[in-house]
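Q: Take me through the charged pairs in this one, slowly, and then through the parts of the fold they sit in. I'd like one connected account rather than a list.

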Amino acid sequence: MLSCERLNPLDVESHGGVRATARHLRSLAPTADSVTEVVRDIIAAVRTGGDAALRAHTMRLDTAGTDPGTLLVPDETLERSLDALEPGVRAALEQAIANVMTVCQAQVSEDHDVVLAQGQVVRLREVPVQRAAVYVPGGRAPYPSTVVMGVVAARAAGVIDVVVCAPPGPDGEVNPLILGASRLCGAAGVYRMGGAQAIAALAYGTESVPAVDVIVGPGNLYVQEAKRQVSGVVGIDGFAGPSDLLVIAGPDAPAHLVALDLLAQAEHGPESLVVAVSRDAPWLDQLADWVERYSEHRPTATPAACVLVQTADAHDAFDLADEFAPEHLQLVGAEAEALAPRVRRAGCVLVGWPSGTAFGDYIAGSNHVLPTGGAARFGSALGPRHFRRRMSEVHVGGAAAALAVAALPLAQAEGFPVHAESMRARAPVPEEESDGSQG
């Protein structure tokens, strides 16, 4: 049975206020610091040892010594897995694919020209990366929904070569649900590999795993720390660490539904963090009762911490959420829902009692790969932009003379005479206008 920690306004004050309380809440979930050195060693081994090191780590960490065979899952295996999908699961995946694709396509920008005052044109272009990988965790259960979120976003961005990697089980095979979903989404291939060793292989390449340009997807601390260590060699979506949910609720919120929402997010594992905030103490008492009652028969819900916070008023509740910058923010009850237009720091905002976070995790159309650990202060949900590069295409044309006159003093001030000479050569300017520079 799950019991939640309770904080009242005096507790918030004793912690040092809203900001310090948000830091306290964050400290309840584990960080990647504990695995940094182990991950560094694994990456170094795969980078220098290639397939042999990748296979050795896979057999040691994932398959209990079973040789997974070829790292790339054969096409016929993917096709069989697709055909074997239970009809209801396939229908749900197809609906999720359609909804996520519709939302993703709305985020893809067309090229457009910006004409500057001097007459030059800067064309703003977005182009997809050539090759991308979606990491799909294994852990306690398969996650075909993560295949949808990653592969569909990449395909909407225009990436043709999108691969999936997932840790194999003790039999050396990837779960058929992952394989079927990968086929349904149009992934170019699936690799039997997981953990930090998979991230290293995707970043640096091995004899049988071509390097990619972008790696996205959730995973355990080892996977996320590996992504952090290879970022710069490849693009990553961010640090997708333990899941977290913060609910702001008014006294009219249905406490039994909020309790289910907290427990649903707690299913993401023993590192997850769930928080409910309200100014109404009796409502929090009801919520605590519902959480305890429901959790007794729901053994899959095992968070690192469940915390119920009473604030002095709705303003403090909002400020606490803003400081916490949750992965998921639910606003339930009229008072809380009215705060929605003010939210700036959240991975995904779900408004109203019908909008349970579980809908966002599966089928609403938003992406469930979200910034965690407070990264919603600067990060965004996974989307096409993670798989596209922005480029400027510059057409100076007849503006060369005017731009050279303006820019020559700057080149001289920075000590780059050849920059000045290059501009002057394309648009000769009188010596007095160039401030006497000789290039």
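A: Let's start with Arg-388, which counts as buried at 16% relative accessibility; buried means under 20% relative accessible area, exposed means over 50%, and partly exposed is in between, using a 1.4 Å probe and protein chains only. Bear in mind that this is a predicted model, where local features need pLDDT of at least 70, side-chain atom pairs count only at pLDDT 80 or more, and totals for chains, interfaces and linings use all residues. Residues are numbered from 1 along each chain as its sequence is written, and side-chain values use heavy atoms, with hydrogens and water left out.

Arg-388 makes a salt bridge with Glu-126, and their closest N and O atoms are 2.9 Å apart. The pair ties together parts that are 262 residues apart in sequence, because Arg-388 belongs to strand β14 (residues 388-395) and Glu-126 to strand β3 (residues 121-128). Helices (H or I, at least four residues) and strands (E, at least two) are DSSP runs, numbered from the N terminus. Glu-126 is buried too, with 15% relative accessibility. For a salt bridge, a side-chain nitrogen of Lys or Arg has to be within 4 Å of a carboxyl oxygen of Asp or Glu. By that rule, the whole structure has 19 of them. Some are joined up: Asp-111, Asp-113, Arg-123, Arg-125 and Glu-393 form a network of salt bridges.

Now move to helix α2, which has a role in two more pairs. Arg-26 forms a salt bridge with Asp-244, with 3.2 Å between the closest N and O atoms. Arg-26 is in helix α2 and Asp-244 in strand β9 (residues 244-249), so this pair links parts that are 218 residues apart in sequence. Asp-244 is buried, at 1% relative accessibility. The second pair is Glu-323 with Arg-19, a salt bridge of 3.4 Å, N to O. Glu-323 sits in helix α12 (residues 314-324) and Arg-19 in helix α2 (residues 18-26), so parts 304 residues apart in sequence are tied together. Arg-19 is exposed, with a relative accessible area of 52%, whereas Glu-323 is partly exposed at 24% relative accessibility.

So how enclosed is α2? Seven of its nine residues are buried, so the rest of the structure largely encloses this helix. The buried ones are Val-18, Ala-20, Thr-21, Ala-22, His-24, Leu-25 and Arg-26. Their cover includes β1 (5-7), α1 (9-15), β9, β10 (273-278), β11 (305-310) and α12. Just past α12, Ala-325 is found in the loop between α12 and β12 (328-332). Ala-325 has a positive phi of about 50° although it is not a glycine, and it is buried, with a relative accessible area of 0%. Ala-64 has a positive phi as well, about 55°, again without being a glycine. This residue is in the loop between α3 and α4 (75-83); unlike a buried residue, Ala-64 is exposed, with a relative accessible area of 70%.

For the wider setting, look at the open sheet of five strands, ordered β6-β5-β4-β7-β8 with parallel pairing; two strands pair if DSSP finds at least two bridges between them. Its edge strands are β6 (189-192) and β8 (235-236), each pairing on one side only. Strand β4 (residues 131-135) runs parallel to strand β7 (residues 214-216), and three bridges join them. In that pairing, Ala-132 stands opposite Val-214 in β7.

One residue to zoom in on is Ser-182, in helix α7 (residues 176-185). Ser-182 is buried, at 1% relative accessibility. Contact means heavy atoms within 4.5 Å; leaving aside neighbours within four places in sequence, Ser-182 is in contact with Val-147, Val-164, Ala-187 and Val-190.
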